[in-house]
Amino acid sequence: MKKNLLRVSVYLLAGSMALSSCVVSKKKYEDLLARKNALEVDKSGLEQEKATLEQQKASLEEAKAALEQERAQLEQEKAEYQRSLAEALKKGETLGENLNMSKSQIERLNADLKAREQRLAELQRVLDEKEQAVAKLRNSVSKALLGFNDKDLTIDVRNGKVYVSLAEQLLFNSGSTKVDPKGVDALKKLAAVLKEQQDVNVLVEGHTDDVPIARGTVGMQDNWDLSVLRATEITRILANAGVDPHRVTPSGRSKYVPLDEAKTKEARQKNRRTEIILTPKLDELFQILETT
């Protein structure tokens, strides 16, 4: 009898330990699954940012390729001059005069080629600095607006510019040109970054959907007026928050630059937005291009 009781006790203890191990294993599995999901979200974000940077890199590489093609053409011209010199020497006609003339041409060509190579190197330096400035600007804006929902606010880089897209629900009530308090908060945080970035021009673009405004709306005839007045109101908030008004340009695009051509509720909501486009000043780059 005692042996049987002892045997039952051992079985119960083993079962209890197995059940406890199962619970612990399930908890660890759930924790690992949560970490996996979080890492997948981070991975998706990094892949999107990588695609944007690769697109910008491709644009810069196209510009560099065009300049390198010009350099190759100059090398070809130099070779043609050298062939002309060789032919002149073979003919032996007016040898001294032709020789001096050819040497002078080669010297001018070499000097011109050297100057163009220097400008190419300088242009590449400016392009690299511009790319770094755009990346730094995007990071600064992203940190300043970190607390806002992705559905209300997105930041990306296109064509060497930083686009801050603000959804209508963050800024305005339907048909209104008065910015909501939450939108004012976002604009003030953006203004704090722009005050520190003196070499950045700011373009404020208002966008609407394709639904006409209500008849009799005071001060507005159509969506042109609505988009312009919204852009002007945002410009005023940025200026009042300390951004130099000379750097900010308001504009209205009405319904003519939609993100989604569909006639659905979701597409129209996506199209109702304000885009604040930040462009680093390119004075030095233009000066180099003018001398090329």
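**View 1. Strand β1 shows alternating side chains.** Along β1, Leu 153, Ile 155 and Val 157 point to one face and are buried, while Thr 154, Asp 156 and Arg 158 point to the other and are not. Buried means under 20% relative accessible area, exposed means over 50%, and partly exposed lies in between (1.4 Å probe, protein chains only). Strands are DSSP runs of E with at least two residues; helices are runs of H or I with at least four; both are numbered from the N terminus. This is a predicted model: local features need pLDDT of at least 70, side-chain atom pairs count only at pLDDT 80 or more, and totals for chains, interfaces and linings use all residues. Residues are numbered from 1 along each chain as its sequence is written, and side-chain values use heavy atoms, with hydrogens and water left out.

**View 2. β1 and β2 form a hairpin.** The two strands run antiparallel, and 6 bridges join β1 to β2 (residues 161–167). Two strands pair if DSSP finds at least two bridges between them. Leu 153 stands opposite Leu 166 in β2. The hairpin has 2 residues between its strands. Asn 159 in the turn has a positive phi of about 55 degrees.

**View 3. Arg 158 meets a ring and an acid.** The charged end of Arg 158 sits over the ring of Tyr 163, 3.7 Å from the ring centre. For this, NZ of Lys or CZ of Arg must be within 6 Å of the ring centre and within 35 degrees of the ring normal. Arg 158 also forms a salt bridge with Glu 275, with the closest N and O atoms 4.0 Å apart. Arg 158 lies in β1 (residues 153–158) and Glu 275 in β5 (residues 273–280), so the pair ties together parts 117 residues apart in sequence. A salt bridge is a side-chain nitrogen of Lys or Arg within 4 Å of a carboxyl oxygen of Asp or Glu. Arg 158 is partly exposed at 32% relative accessibility, while Glu 275 is buried at 7%. A network of salt bridges links Asp 156, Arg 158, Arg 273 and Glu 275.

**View 4. Glu 168 pairs with Arg 272.** Their closest N and O atoms are 2.7 Å apart. Glu 168 lies in helix α3 (residues 168–171) and Arg 272 in the loop between α6 (265–271) and β5, so this salt bridge ties together parts 104 residues apart in sequence. Glu 168 is buried, with a relative accessible area of 11%.

**View 5. Lys 43 and Glu 47 form a salt bridge within helix α1.** The N to O distance is 4.0 Å. The two residues are 4 apart, about one turn of the helix.
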